[in-house]
Amino acid sequence: MKTEFGLWREQHDELFYKQYENPKGGLHFHSPIELYIVDEGELDVWINDKYARLKKGEISVALSYDSHYYSSSKNTRASLLIIPTHMCKDFLDAIKNKRATSSFIRDPEAAKRIRACYDEIIKDSGNNIKTLGYIYVILGIVMESISFEQVAEKMETQLSSRILLYINEHFKEDISLNSISAVFGYNPSYISRYFKSCFKIGINRYLTIVRLKEAILLMQKKGNSITYCAFESGFNSMRTFYRSFYNEFQCTPGEYMAQLTKGEKI
């Protein structure tokens, strides 16, 4: 599944909220903060290298430039809240040079308080001062509910987004840490440390995940062979593809395809 830069979010730098039935979203990233509140059913969420299956009342929090992806089955409802950067500058300053070690809020009381603020934002959509107050309450609860750690390197947002965009555009090619470092004019060891400090995931593992998501998307289309899906996603050998697929999903590509045929959900 292609990692996308949320250009529309950047261009429409405004508060956004909406409830979705059976939400799904390709792997993407952007500067606004994105929260999903599960109202019914279950929501599968990947944020950077972390995965969780969230249940009713639980919340995911994707911070600025966190790479995130959503998937759900039938009978799932979730409420989305997009907070633009100009509405949360104090929060962003407070977490500057930090990364979340956990991106999911499972505490029922914290989630309930966030949900109440979300409902008030919808109710008082014309009152900008009141809305801003509720946003800050939500972000305060987020700071209390998820843990952060200091990053080793000073984060340069422009460079981090450029690297993600480059991977997005070239992941089907034979790229690596060395080739990516050469493109940006940095030592590979620096890019490796920098990328991990920004996104809490190694650049090679991130590249593998992007390719696996693309392979999954191709496998869900009838008529595509496993070999086609592997090489079309950027893997250079079937052995690497099978090993990576099993390590990520705890089943073989063939088992996954068989379950798709039966209509089961992985």
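This short talk walks through a predicted model, from its open sheet to its nonpolar cores and its last helices.

Let me begin with the sheet. Five strands make up an open sheet, and their order is E2-E9-E4-E7-E11, with antiparallel pairing. Strand E2, residues 16-21, and strand E11, residues 104-105, occupy the edges. Each has a single partner strand, so one side of each remains without a neighbour in the sheet.

I shall take the pairings in turn. E2 and E9 run antiparallel and are joined by six bridges. Tyrosine 20 is placed opposite alanine 78 of E9. On the other pairing of E9 that I wish to show, strand E4, residues 33-40, is antiparallel to E9 over seven bridges. There, leucine 35 has leucine 81 in E9 as its bridge partner. Towards the E11 edge, strand E7, residues 59-62, pairs with E11 in the antiparallel sense, over two bridges. In that pairing, serine 60 stands opposite phenylalanine 104 of E11.

How much of E9 is buried? Six of its seven residues are, and the strand is thus mostly covered. As a general reminder, side chains in a regular strand alternate between the two faces of the sheet.

Next, the loop that leads into E9. Threonine 76 sits between strand E8, residues 68-72, and strand E9, residues 77-83. Is threonine 76 buried or exposed? Its relative accessibility is 0%, and buried means under 20%, so threonine 76 counts as buried. Leaving out residues up to four places away in sequence, threonine 76 touches Tyr20, Glu21, Asn22, Pro23, Glu40, Gly41 and Glu42.

One of those contacts, Asn22, deserves a remark of its own. Asparagine 22 belongs to the loop between E2 and E3. Its phi is near 50°, a positive value in a residue other than glycine. Asparagine 22 is partly exposed, with a relative accessible area of 29%.

A second residue of this kind is glutamine 250, which is not a glycine and yet has a positive phi of about 55°. Glutamine 250 is located in the loop between helix H10, residues 238-249, and helix H11, residues 253-262. At 56% relative accessibility, glutamine 250 counts as exposed.

I turn now to the nonpolar cores. The largest contains 27 residues, and the members touching the most others are Ile163, Ile167, Ile180, Phe195, Phe199, Ile203 and Tyr206. Two or more residues each come from strand E3 (25-29), helix H5 (157-170), helix H6 (177-184), helix H7 (188-199) and helix H8 (203-219). Which element gives the largest share of this core? That is H7, with six residues. Within the core, isoleucine 180 offers a useful example. Apart from neighbours within four places in sequence, isoleucine 180 contacts Ile163, Tyr166, Ile167, Ile175 and Ile203. There is also a second, separate core of 26 residues, with Met87, Ile95, Ala110 and Ile141 among them. In soluble globular proteins generally, nonpolar side chains tend to be buried together.

Finally, helix H11. Pro253, Tyr256 and Met257 are buried in H11. Viewed down the axis of H11, the buried residues fall within an arc of 100°, so they line one face of the helix. As a general point, an α-helix has 3.6 residues a turn, so residues three or four places apart point the same way. What do the buried residues of H11 pack against? Their partners are H8, helix H9, residues 226-232, and H10.

Definitions and conventions. Residues numbered from 1 in each chain as written. Predicted model: local features only at pLDDT ≥ 70, side-chain atom pairs only at ≥ 80, totals over all residues. Heavy atoms only, no water. Pairing = 2+ DSSP bridges. Helix = DSSP H or I, 4+ residues; strand = E, 2+ residues; numbered from the N terminus. Buried < 20%, exposed > 50% of the residue type's maximum accessible area, 1.4 Å probe, protein only. Contact = heavy atoms within 4.5 Å. Core = buried A, V, L, I, M, F, W, Y, C linked by side-chain atoms within 4.5 Å. Arc of directions from axis to C-beta.
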